[in-house]
Number of protein chains: 2
Amino acid sequence: MQFNRPFMEGGKVRRRIRIYDCRSKNGEKVNQEMLETSGLDFKGFIKLLHRTFGIRSNETFVLATTDRAVLDSKIFDELQDDSTLHLLKQKHQALAAATEENINFTPHYDTLIQSGTYEYWASRGQNPLPYSLAELIDNALSATAKNQGVRKIEIRMMFDDTLGKPAMIVLDNGCGMTSKQLKNWAVYRLSKFTRDVGSYGSEDEGYVRPDPVPRSLNSDISFFGVGGKQAVFHIGDSVRMISKPYGSPDVHEMVISKQDFEKKVKNKEDVYSGIIRNRKPGDLSHVKTNDERFLHNLIQEESGKENFTAVVITGVFPDHIAFLKQDIKVWTRQLAEVYHYYIHGVNGKEMRDSSADSDCHPEIKIMISLRDKPPVVMDLREVENDIQTMYIKSAVDTFEFKATTAQDGGTVDGLIRYHPFLYDRETYPEDPNAVQVSEFDWCAQSKGVKELAECYSRISGVLFTDDRFPVSTNKLTFMELELKLKHRDTFFTRIVKGQKQRGNIQKDFTQWLKNCHQKWDKQVKFLNFKKTITRTEL
Amino acid sequence: MQFNRPFMEGGKVRRRIRIYDCRSKNGEKVNQEMLETSGLDFKGFIKLLHRTFGIRSNETFVLATTDRAVLDSKIFDELQDDSTLHLLKQKHQALAAATEENINFTPHYDTLIQSGTYEYWASRGQNPLPYSLAELIDNALSATAKNQGVRKIEIRMMFDDTLGKPAMIVLDNGCGMTSKQLKNWAVYRLSKFTRDVGSYGSEDEGYVRPDPVPRSLNSDISFFGVGGKQAVFHIGDSVRMISKPYGSPDVHEMVISKQDFEKKVKNKEDVYSGIIRNRKPGDLSHVKTNDERFLHNLIQEESGKENFTAVVITGVFPDHIAFLKQDIKVWTRQLAEVYHYYIHGVNGKEMRDSSADSDCHPEIKIMISLRDKPPVVMDLREVENDIQTMYIKSAVDTFEFKATTAQDGGTVDGLIRYHPFLYDRETYPEDPNAVQVSEFDWCAQSKGVKELAECYSRISGVLFTDDRFPVSTNKLTFMELELKLKHRDTFFTRIVKGQKQRGNIQKDFTQWLKNCHQKWDKQVKFLNFKKTITRTEL
Ligand SMILES: Nc1ncnc2c1ncn2[C@@H]1O[C@H](COP(=O)(O)OP(=O)(O)OP(=O)(O)O)[C@@H](O)[C@H]1O
Ligand SMILES: Nc1ncnc2c1ncn2[C@@H]1O[C@H](COP(=O)(O)OP(=O)(O)OP(=O)(O)O)[C@@H](O)[C@H]1O
Ligand SMILES: [Mg+2]
Ligand SMILES: [Mg+2]
């Protein structure tokens with residue numbers, strides 16, 4: 001049940017009850033009165049009722065809730081401020097005229113707490129934990145999009161008892177949040193598109209669509225205003241957001257927790273009221289409990305930082321802790337796959353170690369550290385076996401293209417790679433997660449040349465979409481990508497060295513495939529077999 | 001942005017502003033005051049500030065928001081009740097001591113409006129409209145679960161201009177909602193498990209798990225407190241709920257609409273406040289606009305009914321109207337598939353026309369009517385080509401089993417059907433939607449006998465799960481069904497005529513398959529060919 005904020009006046013809680021006099025005849029206007037009942041017991045209330053509606057002392061009447069429960073002192077005590085009652089002649093009398101009752105239907109706090117629990121399962125049968133971490137990384141990527149220097153995102157797992165209760169921290173050196181933005185963080189479904197704009201200077205100036213960048217890696221990956229909440233409450237049951245916005249001397253801090261929601265319901269307080277603490281960097285005077293010892297270091301680090309955001313999740317569910325510790329190889333590989341082109345640049349992980357970043361964008365560093373025995377520290381770039389890396393490693397040639405959808409002008413950059421047959425085996429990497437790449441007419445086997453039949457299974461593909469392609473709220477599925485790409489008005493062009501090529505893409509593609517086949521596939525065929533020579537000289 | 005209900009006292013809006021005096025030195029306690037500013041202009045407010053904090057007339061100070069925006073009359077005018085300000089020595093001064101600011105983070109109304117838009121896409125690439133209708137049918141099935149007589153659910157599409165603007169009505173003769181239950185309908189994420197109980201008599205007595213019934217068709221299909229809202233706002237932009245609860249003389253009615261939300265935001269009112277209208281059945285005095293002419297008939301029908309619920313959706317999106325009209329065959333088949341065992345009984349659509357219902361449960365009638373030119377009226381039972389019907393029709397034998405999961409004691413009833421090869425073709429029905437049935441070890445081809453290889457593709461399966469198997473919020477995917485069923489501790493038993501059979505299920509299944517093959521598959525083989533006889537006598 002939801003509770004209104006109790007109506008206070010002069011420090012006193014008021015309780016006003018609206019009463020409709022339904023004893024009147026058909027057609028007559030219903031008389032209604034608002035009675036102030038604070039301080040009154042049931043008897044006193046009934047007296048007031050008699051006075052207000054001029055009920056004669058010998059008259060019989062029934063006072064009932066709008067659900068026809070006859071009032072007694074117990075029900076009277078439970079009535080909330082702004083309740084509505086019916087004054088009736090008889091219990092089952094029809095309502096000659098309609099009455100109106102004020103209600104409040106504020107969403108239950110499970111809107112925040114439960115939002116992720118089921119959604120993450122909707123798309124795949126896997127453990128969705130890496131995807132919830134991805135939501136937090138997405139947010140950090142957005143926040144660091146305008147960084148001048150390195151963009152640093154750290155996932156710290158504080159699972160060592162000496163640090164307090166288990167906690168997970170996602171820390172970034174992005175633009176941070178003003179106190180107003182921090183409040184907005186907590187507002188479920190408040191998306192960047194619907195956010196209030198133009199209020200006093202400190203808030204952003206409404207949503208501005210970013211300029212196109214190669215492969216749409218613009219970090220513009222927030223849409224719904226649900227991701228952060230979905231993620232943190234999927235991981236644990238409490239979150240402490242700590243943020244220092246760019247250009248401000250203050251750190252803003254806020255805690256939202258399941259326990260707090262429960263407490264507020266119990267005390268009949270407004271569940272969505274909260275507190276933001278504004279303080280100077282490094283001020284840890286509010287950290288009192290030993291459970292949160294890990295906060296000491298975190299807050300002490302603040303002093304050196306211009307701006308940052310730390311998402312501190314506590315009450316981490318034991319299953320998650322086990323998975324995070326034991327399957328660290330699994331989920332870091334999944335993350336390395338999701339963010340491959342962010343951490344390695346638009347061309348992906350280069351096999352030759354080129355430390356000079358070719359595309360001149362600030363480097364993105366995603367660090368994972370597990371404070372446990374033994375501790376683990378790693379850079380997501382070190383992962384060697386994510387499927388993108390494997391595709392890149394085994395590819396010998398690429399075919400680039402761009403697709404433009406007719407209706408809305410969305411663009412998709414695409415890349416097809418060739419993985420040749422070498423001597424005794426296919427080099428096509430096996431994908432442990434079997435990601436599906438949609439097939440287009442022009443590169444579909446069915447339309448291809450017979451002699452190249454086997455080559456169609458030697459290609460892998462990767463797509464980069466712009467913001468015209470909506471994803472589902474859990475960001476695991478594109479909603480209409482396939483439909484849109486297969487639309488007959490969608491236009492495909494081959495790209496060579498960044499330049500659009502005129503010509504028929506199906507023909508170009510088939511030619512490319514043929515070249516690949518001739519140049520790269522090494523089928524061992526023993527031609528011109530003569531005889532077996534036994535080498536005796538060895 | 002969210003707005004608090006303006007603080008009213010004696011009919012006057014109040015605006016209280018909390019001010020922290022941050023001019024104090026390190027270590028000193030910060031002085032804070034709450035100032036009542038209604039009726040004050042900026043100048044008057046600054047005067048009050050001087051008085052309250054004893055600011056000397058020649059003293060320099062800065063008054064700023066917690067986001068360090070220096071106050072001017074424009075910002076002052078925009079401040080909400082319960083705002084917090086900092087009184088500083090200098091604009092960039094550090095906060096010697098922390099301050100606390102009250103915030104409110106009530107979810108944005110898109111929580112209701114947008115909840116379905118993306119979710120429905122998460123699981124399948126199809127038009128999700130039938131699944132949103134299914135949410136409303138689910139609710140109606142729950143509501144009619146205890147009906148004595150026929151359980152009637154009607155989907156009425158009022159797309160004829162003469163009836164007003166396009167509207168969609170889902171009507172059931174179930175238990176209806178009290179005014180309190182109707183309010184709870186609107187509370188997002190208020191599930192049956194978390195609902196307030198024990199309040200004055202009229203509300204249910206908390207959630208009681210229903211007794212097991214064959215194939216778990218107990219209509220206990222509400223879990224999250226989101227389905228109804230997700231569905232109606234996926235279909236249109238406004239909903240009118242009309243309900244008469246069992247045993248009450250009153251009809252309760254409520255409207256929630258996107259326009260109304262927008263209006264409230266504009267007027268800085270609480271977006272989640274609403275009105276329930278309590279009235280007698282048949283009272284249509286509140287229906288004023290021609291747009292809703294279709295309400296006349298609906299409300300006039302009320303008089304004959306003991307209890308009912310009508311979900312009236314308006315602002316139906318044009319794409320949906322087109323789909324509903326043109327593809328009526330498609331979506332009624334999908335619904336007939338989803339509710340096959342509800343509308344035809346636990347054994348499914350019997351091919352012989354047995355009007356006597358074998359399981360003695362009240363009949364479930366789902367009617368579809370399209371008020372258009374020409375009108376369409378149909379009973380979902382008439383659908384002949386839903387995939388379940390096709391499976392049943394072409395099956396020659398069945399193998400029943402029950403699975404029990406070890407950890408939580410969930411049960412799954414299963415049915416495998418055999419679709420034989422007949423003369424020149426397979427009789428296995430083609431499923432237009434390619435639903436996947438999870439395979440179990442004991443009926444997997446890989447483990448089977450070689451000679452039966454082809455028979456493994458002649459079986460179809462259907463599973464009935466109990467409430468121990470959670471589904472995703474859009475109810476399109478089981479979250480862990482496959483995992484749980486494949487768990488090595490999950491126990492399978494064959495069922496024959498309702499009785500559990502001892503024995504090895506893999507052996508039993510293989511034997512069954514062999515029998516089916518021998519008995520039913522008719523491969524045309526021309527054995528003992530001798531010669532071609534030309535029949536001359538014809
Ligand atoms: N690390 C961060 N640094 C700065 N601002 C952040 C950070 N994380 C979140 N925010 C702010 O909080 C808002 C809410 O985040 P949240 O992830 O809940 O929703 P979203 O990113 O807007 O949408 P989506 O549902 O697509 O994730 C963001 O839009 C952003 O303004
Ligand atoms: N047709 C109906 N008749 C009676 N009560 C209804 C009807 N439809 C909805 N309700 C009530 O409103 C509540 C909210 O419905 P809603 O579909 O939004 O959520 P839910 O059914 O509780 O959960 P889910 O998200 O699984 O659908 C229901 O639990 C039920 O009490
Ligand atoms: Mg986000
Ligand atoms: Mg429901």
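This note walks through the ligand sites, some salt bridges and a few strands of the model.

1. **Ground rules.** This is a predicted model, in which local features need pLDDT of at least 70, side-chain atom pairs count only at pLDDT 80 or more, and totals for chains, interfaces and linings use all residues. Residues are numbered from 1 along each chain as its sequence is written, chains are lettered from A and ligands numbered from 1 in the order in which they are written, and side-chain values use heavy atoms, with hydrogens and water left out.

2. **Ligand 1.** A good place to begin is the site in chain A. Around ligand 1 there are 18 residues, and Asn139(A), Arg195(A), Phe223(A), Gly227(A) and Lys229(A) come nearest; a residue is near a molecule or strand if one of its heavy atoms lies within 4 Å of it. Oxygen atoms of the ligand take part in several polar contacts (pairs of N or O atoms within 3.5 Å; within protein, one must be able to donate a hydrogen and the other to accept it, and residues adjacent in sequence count only if both atoms are side-chain atoms). A polar side-chain atom of Asn139(A) is 2.7 Å from an oxygen atom of ligand 1, a polar backbone atom of Gly227(A) is 2.8 Å from an oxygen atom of ligand 1, and a backbone N or O atom of Phe224(A) is 3.2 Å from one. On its own, ligand 1 exposes 590 Å², and the protein buries 92% of that. These areas come from the Shrake-Rupley method with a 1.4 Å probe; for residues, only the protein chains shown count as cover.

3. **What lines that site.** Helix 5 (129-143) and helix 7 (227-235) of chain A each give at least two residues to the shell around ligand 1. Helices (H or I, at least four residues) and strands (E, at least two) are DSSP runs, numbered from the N terminus. The shell holds 6 nonpolar, 7 polar and 5 charged residues. Here Ala, Val, Leu, Ile, Met, Phe, Trp, Tyr, Cys and Pro count as nonpolar, Asp, Glu, Lys and Arg as charged, and the others, Gly among them, as polar.

4. **Ligand 2.** Which residues of chain B are closest to ligand 2? They are Asn139(B), Arg195(B), Phe223(B), Gly227(B) and Lys229(B), out of 18 that surround the ligand. Side-chain atoms of Asn139(B) and Lys229(B) each lie 2.7 Å from an oxygen atom of ligand 2, while a backbone N or O atom of Gly228(B) is 2.8 Å from an oxygen atom of ligand 2. Ligand 2 exposes 590 Å² when taken alone, of which the protein buries 92%. Helix 5 (129-143) and helix 7 (227-235) of chain B are the elements that give two or more residues to this shell, which divides into 6 nonpolar, 7 polar and 5 charged residues.

5. **Salt bridges.** Side chains of opposite charge can pair when their charged atoms come close. A salt bridge is a side-chain nitrogen of Lys or Arg within 4 Å of a carboxyl oxygen of Asp or Glu, and the count over all chains comes to 55. One of them joins Asp413(A) and Lys402(A), at 2.8 Å from N to O. Because Asp413(A) lies in strand 17 (residues 411-418) and Lys402(A) in strand 16 (residues 397-404) of chain A, the pair ties together parts that are 11 residues apart in sequence. Asp413(A) is buried at 15% relative accessible area, whereas Lys402(A) is partly exposed at 21%; buried means under 20%, exposed over 50%, and partly exposed in between (1.4 Å probe, protein chains only).

6. **Further charged pairs.** In chain B, Arg23(B) and Asp21(B) form a salt bridge with their closest N and O atoms 2.8 Å apart. Arg23(B) is buried at 15% relative accessible area, and Asp21(B) is buried at 9%. A network of salt bridges links Arg240(A), Glu253(A), Arg279(A), Glu292(A) and Glu302(A). In chain B, Glu253(B) sits in strand 11 (residues 251-257), is buried at 3% relative accessible area, and has a side-chain polar contact of 2.7 Å with Arg279(B).

7. **Strands.** Are the residues of strand 5 (residues 62-65) of chain A buried or exposed? Val62(A) and Ala64(A) on one side and Leu63(A) and Thr65(A) on the other are all buried. Strand 5 pairs with strand 6 (residues 83-88) of chain A in the antiparallel sense over 4 bridges; two strands pair if DSSP finds at least two bridges between them. Val62(A) stands opposite Leu88(A) of strand 6.
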